[in-house]
Amino acid sequence: MSLFETGLDCIVLNGTVVTAADIGRYDVGIKDGKIALLAPALALANVPASRVIDAEGAYVMPGGVDAHVHLAEPELFGKGRSVDDYTSGTRSAIAGGTTTIIAFAPQDKKDSSLLIALDDVHQKAVKNTYCDYSFHMIVSNPCQQVLDEFPVLRERGISSVKIYMTYEALQLRDRQILDVLLQARTHGVTTMVHAENGDMLSWMTEQLESRALLAPKYHVTSRPPILEREATNRAIALGQLVGAPILIVHVSSPQAANAIREAQTHGLPVFAETCPQYLFLTRSDLDQPGFEGAKCVCSPPPRDGPSDLEAIWKGLENGTFTILSSDHCAFLYDDAVHGKKSAISEDAPLGRFKYIPNGCPGVETRLPLVLSATRLRPQRFVELTSTNPAKLYGLYPQKGALIPGVSDADLVIWYPELEPFPVTNAALHHSADYTPFEGHRVCQWPRYTLLRGELVWDRDNGGIVGAKGVGQFVHRGRSAFCDEQPPWDVDQY
Ligand SMILES: *[C@@H]1O[C@H](CO)[C@@H](O)[C@H](O)[C@H]1NC(C)=O
């Protein structure tokens, strides 16, 4: 029997369907949680379905894949404790059109296994999420046992690790980075790198502290672009030595973007991510009266001005950046124990920047902010925010695509048009008490979000309509961007 006789579970009629490759007027048919078919506009108008969504004049896109989300992480440095857990973080995700997140499983430096941390995040997430999820493994102690566990990670559906070139609790030495990169290459694992030079950073911080320059804005001064550029160049060189693909996360400065572009021009498998904070925020957002600037403290920091933002937009348009993620890492502002205000003390009433928990919320605002800016072609927007993260991290084409019979029916459906309105924290669904994008004007917001064919977000009728616990762990394969290569051998040098 054809689908036309048995009926469909859901039909999205007459929308402007956008994928990474195409844009056009189609109907989308959904059956058993999968995309069943795409048909010419209104061809499905008379097909029976349990649910029909009229998307006339609106974009219909594969659900967002946010590959950089910090949830429920332990206090690894300082007193900051993330306020979003797997429930509130994924609730915020679906309200912003994101149907899959990749969060982090942070290894404790004292552990000589990765699997403790992996079991721990599974426990935190299972039955608690509103959207689908996976984890990147943060490797902070790459001892032999840990390196030997890489094949186990793959068996368990984890195909990416993240390493840090800064932060005492996480920072690896270059030789440790090489160990990770070689093992990652061998086992089809993608390595994400936080590229800031940790020693330059602590040295700069000491200089500022000794001159009593402590306010939030000095967070930017403590991490000039050269520190990001140096670490980016070094990460590229380390990857090149062992022929391993790398992804530089949250690139903020034109200098680092240029270094990445140059490596790509030489054919190196160097990928890059940027985030909305580097498209919309600048140093002046940290230079606010009192302690307010702490709200925008994240690392790397927002850069100096419009020409920096412009260079990052340019890199999104011209292919330098592969993906656009949120780096959602939410702390309460008004919390003196685990929030931003834990950096305030009696002798430093405006806080000490070095103690301000690093991070901003953004999983919900990522898609609407960037789509509203209308800088990117719709197809490129989908590619950067859904298709490429799915490909890069081994989720494609289950996620990030609309391939009949293959792709999950994860969709974000926008409005035909909206009067521009300001983002307000009151309208968001995370647990943070602020958004760094308060007052930024948008003209797009997800109207509906579907997860595997089920309506989970209906902005005008109930808001969050999905249930906590419907989200599933997604088993990931190897990156579609990282080809198998012959084994590396020292002899080649
Ligand atoms: C693309 O953007 C990157 C990052 O801003 C920049 O380094 C590069 O010069 C740009 N390339 C072209 C061809 O415009």
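Which residue of β13 stands opposite Thr-274? That residue is Leu-324. The model is predicted, and the report below walks through its fold, its sheet and some unusual backbone spots.

## Overall build

The protein has 14 helices and 19 strands. Its radius of gyration is 22 Å, which agrees with the value near 23 Å for a compact globule of 493 residues. Along the principal axes, the C-alpha atoms fill a box of roughly 75 × 60 × 40 Å.

Of the 493 residues, 58% are buried. Take the contacts with a separation of 6 or more: 76% of them join residues 24 or more positions apart.

## Surface and charge

The protein exposes about 18700 Å². Carbon and sulfur atoms supply 50% of that area.

There are 44 positive and 58 negative charges. The mean positions of the two sets are 2 Å apart.

## The parallel sheet

Eight strands make an open sheet with parallel pairing. Their order is β6-β7-β8-β9-β10-β11-β12-β13. The edge strands are β6 (64–66) and β13 (323–324), and each pairs on one side only.

At the β13 edge, the partner is β12 (residues 270–274). These two strands run in the parallel sense and share two bridges. Thr-274 and Leu-324 face each other here.

## Strand β10

Strand β10 covers residues 190–194, and five of its five residues are buried. Thr-190, Met-192 and His-194 point one way. Thr-191 and Val-193 point the other way.

Strand β9 (residues 160–164) pairs with β10 in the parallel sense, over five bridges. Within this pairing, Lys-162 has Met-192 as its bridge partner. Met-192 is also among the buried residues of β10.

## Helix α2

Helix α2 spans residues 86–95 and is mostly covered, with nine of its ten residues buried. The buried residues are Tyr-86, Thr-87, Ser-88, Gly-89, Thr-90, Ser-92, Ala-93, Ile-94 and Ala-95. An α-helix has 3.6 residues a turn, so residues three or four places apart point the same way.

What covers the buried residues of α2? The cover includes one helix, α3 (115–125). It also includes the strands β7 (98–106) and β8 (132–138). Further along the chain, β17 (448–451), β18 (454–458) and β19 (463–464) are part of the cover too.

## Cis peptide bonds

Most peptide bonds are trans. Ser-299 and Pro-300 are joined by a cis bond, with omega about -5°. Pro-300 sits in the loop between α11 (277–280) and α12 (306–318).

Another cis bond runs from Tyr-396 to Pro-397, with omega near 0°. Pro-397 lies in the loop between α14 (378–392) and β14 (411–413).

## Positive phi angles

Most residues other than glycine have a negative phi. His-250 has a positive phi of about 30°. It is found in the loop between β11 (246–248) and α10 (254–265). Buried means under 20% relative accessible area. His-250 counts as buried because its relative accessibility is 2%.

Asp-327 has a positive phi of about 50° and is not a glycine either. Its loop lies between β13 and α13 (366–372). Is Asp-327 buried or exposed? Its relative accessible area is 8%, so Asp-327 is buried.

Notes: Residues are numbered from 1 along each chain as its sequence is written. This is a predicted model: local features need pLDDT of at least 70, side-chain atom pairs count only at pLDDT 80 or more; totals for chains, interfaces and linings use all residues. Side-chain values use heavy atoms; hydrogens and water are left out. Helices (H or I, at least four residues) and strands (E, at least two) are DSSP runs, numbered from the N terminus. The radius of gyration is taken over C-alpha atoms; the globule rule is 2.2 Å times the number of residues to the power 0.38. Buried means under 20% relative accessible area, exposed over 50%, partly exposed in between (1.4 Å probe, protein chains only). Contact means heavy atoms within 4.5 Å. Accessible areas come from the Shrake-Rupley method with a 1.4 Å probe; for residues, only the protein chains shown count as cover. Lys and Arg count as positive and Asp and Glu as negative; His and the chain ends are not counted. The place of a charge is taken as NZ of Lys, CZ of Arg, CG of Asp or CD of Glu. Two strands pair if DSSP finds at least two bridges between them.
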